[in-house]
Amino acid sequence: MVNSNISISAFVRLFVAEFGLRTNVWFITPCLSKDNRYGHPAPFPEELVKDHILSWSNEGDLVLDPMCGSGTTCKMTKQLGRNFIGIDSSEEYCKIANKRLEQDKLTKFA
Ligand SMILES: C[S@@+](CC[C@H](N)C(=O)[O-])C[C@H]1O[C@@H](n2cnc3c(N)ncnc32)[C@H](O)[C@@H]1O
């Protein structure tokens, strides 16, 4: 039985904690600050990408992002033990994505 006076986000937290399920509304903060946009105007939040990868794929799977922008999907896919293919029409954004992936490598072996 759920108390009807709690907020929607509190309900979602309780529901997910108790049943391990997701509703179709996810509460994730967008990348509002320029500092966490990696030079791209509209990167996905890492948390959003991570949740999708965990929901729809298994370790070792191949994840394709045909509009990968700054490479958030590629980065999180790699961190979660999946393989990835990232494509973007902008050479500039591909360079940003490659840089993020290199940084991820350095962080792992540091
Ligand atoms: C919303 S952004 C993706 C952001 C990405 N998820 C991230 O976290 O950085 C959409 C991307 O689609 C790319 N794009 C647009 N049209 C495209 C096309 N026809 N083929 C490949 N990439 C395209 C844009 O350059 C842009 O980087």
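Reader: Which residue follows helix 3, and what is the sign of its phi?
Author: Gly81 follows helix 3, and its phi is positive, near 75 degrees. Helices here are DSSP runs of H or I with at least four residues, strands are runs of E with at least two, and both are numbered from the N terminus. This is a predicted model, where local features need pLDDT of at least 70, side-chain atom pairs count only at pLDDT 80 or more, and totals for chains, interfaces and linings use all residues. Residues are numbered from 1 along each chain as its sequence is written.

Reader: Why is helix 3 called largely enclosed?
Author: A residue is buried if 20 or more other C-beta atoms, placed from the backbone, lie within 10 Å of its own, exposed if 12 or fewer, and partly exposed in between. In helix 3 (residues 72-79), 6 of the 8 residues are buried, so the helix is largely enclosed by the rest of the structure. Those buried residues are Thr72, Thr73, Cys74, Lys75, Met76 and Thr77.

Reader: What does Val49 touch, not counting residues up to four places away in sequence?
Author: Contact requires C-beta atoms, placed from the backbone, within 7 Å. By that rule Val49 touches Phe44, Thr72, Thr73 and Met76.

Reader: How do you know that strand 1 and strand 2 pair?
Author: Pairing needs at least two bridges found by DSSP. Strand 1 (residues 62-65) and strand 2 have 4 bridges, in the parallel sense, so they pair. One of the partnerships joins Asp65 to Gly86 in strand 2.

Terms used
Contact = placed C-beta atoms within 7 Å.
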